[in-house]
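Colleague: I should like to learn how a protein model is read, one step at a time. Would you show me the one we are to discuss?

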Amino acid sequence: MTVFSLLESISALSFIAMTAYLTGRSRFIMRCTRYPFHMPSQLPLIILFSFLAITGSYSALPWGKPLITTRLIALLLSGIAGGPFTGFSVGIICSVYMLLTEMLATSSAVYIVLVGTFSGFVRLQFGFHQLTPLTGASIALVAELCQLTIYTLFLAEELLAAFIMKSAIPTMIVSIAGIWIFLFIVNWIEAEQDIYGARAAQLSLNIASRTLPYLRLGFNTYSATVTARIIYELTEVDAVSITGRYKRLAFIGQGAEHHKPGEPIISAAVKEAITNKVMKVINAPLDRGCPVLHCPLQAGVVVPLFTGSKVVGTIELARVNNKTVSELDIRIANGIANLLSVQIQLAEIDEQRKMREKAELKVLRAQINPHFLFNTINIIMSFCRTDPDKARSLLGSLATLMHRAYSNQEDFLPLQDELTAVTAYLEIARSRFGDRLDVAVHVEDAAINALVPVLSLQPLVENALNHGLFPKVGHCLLAIEASIEANLLIITVTDNGVGIPREIQDQIQAGNCDGIGLLNVHKRLTSLYGPENGITIASNPPFGTEIRLQIPVKYPVISNQKVSGAS
């Protein structure tokens, strides 16, 4: 091997190494190699490797006709990266070009097409990302030997010996080494990116687990400040900024003296990320748009935060050195933004659920059925002449219900207060049933002061009267019992009415029922105390129903001041 051929070899291998590095770093090209059997992926690969195959026939060094070519490397890689169609297409383009410009022999042109197609089938057998450098080098060796065989058939003996010594053997070495280098660099870059991805994922999960309790409270200045501090501690970046759509919510790190929370967004990069809904990498202070001339932050990455398709803010990881925004920084920022977006969306869903439950509770509070009110007033009017004391008593019960519906805004009440409202309701109900209704109430002393969510008992009684007992012909019984069992408050409402059909029971237990009374109680209890609590229904139509309410026991806290005042 002469000095010139050695320099050509080094030049060719350097070009292959540079191409491999750029290819491995290009997300677009690597995505095409992962999904090569679609035209949007095949076309870029055909263009890229056709260019490499054609330029591989020339030398960048300033002397004569090249002795070493990298054309075969590009042909093999086209099939390995893009499959048979890509390899075949690159082979056709390259062979046509060589036929037109270099007067290439027909046999060599056919061989070029076959090499590209053959490597495509190798791709089908092994896959691009599973092909080891050694396997690729072996394929290159086979391809070069086949090419040498063709030359042996068509070249004269005296020319063949010179060709083998001057060109064939160096080209074979370069092809084998070039394929090995290309696959080694691509695999190395992918392994490095996998490590980055794993580190970014682990870090993002750690941040998500620590920020979840705060972001579930809502996306505001407090939760953003705590989140920014956690991210700053775990990522070891120079600064972390979190913004809403129009102002900065939190800033931790270098430059905090002039990046104040509550200020409007002035960074062009942040505005661009919000407007275009894309990640923005900052490589120069000018891109940040900071008005302070001596701001230490030079580089960074800004990623928008989403709820659904709507941008609600951004997160920025910043560095003081404009050369230190690494691939890992970008992956970490992207991973954190994705997880924070999920947490913010969950917080919004949670808030919407609470608002919906509160709205339903307000409906329950205001739900004094017009027919019930009209009938009650008529009954009271009928008693005014015949039994004024009864009318007075019913007015008192109705006033109790009205007062409870419109004035009491507490979320939890002692069971005794809930029973007071239920007793008032039953007093009015008895006037409708007459002597047909008997009510039995038994509450253990330990249960009388236990806290229950407001309007958790009355809907159960209303359901028993309206849907169980009122349609029944004959004597009606209603029993209310409350007891403490294993730190659980157990309340049962039992009637001997017509019962609840099985499909309605299943709909209520599954949370899929048109009525809001029992369903609201069940949803609120399971939301407050978990799915193991709530109400259960045992009904045996037409012999009656038992509704069981189960929640953990809690008692009201009596302050020392109140106790001393009372004593």
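The questions and answers below go from the whole chain to single residues.

Modeller: This is a predicted model, in which local features need pLDDT of at least 70 and side-chain atom pairs count only at pLDDT 80 or more, while totals for chains, interfaces and linings use all residues. Residues are numbered from 1 along each chain as its sequence is written, and side-chain values use heavy atoms, with hydrogens and water left out.

Colleague: How many helices and strands are there in the protein chain?

Modeller: Helices (H or I, at least four residues) and strands (E, at least two) are DSSP runs, numbered from the N terminus. By that rule, the protein chain holds 19 helices and twelve strands.

Colleague: What percentage of the residues of the protein chain count as buried?

Modeller: A residue is buried under 20% relative accessible area, exposed over 50% and partly exposed in between, with a 1.4 Å probe and protein chains only. The protein chain has 567 residues, and the buried portion is 46%.

Colleague: In what order do the five strands of the open sheet lie?

Modeller: Two strands pair if DSSP finds at least two bridges between them. The pairing in this sheet is antiparallel. Its edge strands, each pairing on one side only, are β2 (248–253) and β3 (280–282). The order is β2-β1-β5-β4-β3.

Colleague: Which residue in β5 stands opposite Val240?

Modeller: Strand β1 covers residues 239–243 and strand β5 residues 310–319. These two strands pair in the antiparallel sense over five bridges. Opposite Val240 stands Leu317.

Colleague: Which strands of the sheet does helix α9 touch?

Modeller: Contact means heavy atoms within 4.5 Å. Angles run from 0 to 180 degrees between N-to-C directions, and axes are lines fitted to C-alpha atoms, for helices over the stretch in contact. Helix α9 (residues 221–235) makes about 25° with the direction of β2. Packing on the sheet, helix α9 touches β1, β2 and β5.

Colleague: Why does Ala177 count as partly exposed?

Modeller: Ala177 lies in helix α8 (residues 157–215). Ala177 counts as partly exposed because its relative accessibility is 24%.

Colleague: Is Thr492 buried or exposed?

Modeller: Thr492 belongs to strand β10 (residues 488–495). Leaving aside residues up to four places away in sequence, Thr492 touches Ala479, Ile480, Glu481, Glu546, Ile547 and Arg548. With a relative accessible area of 11%, Thr492 is buried.
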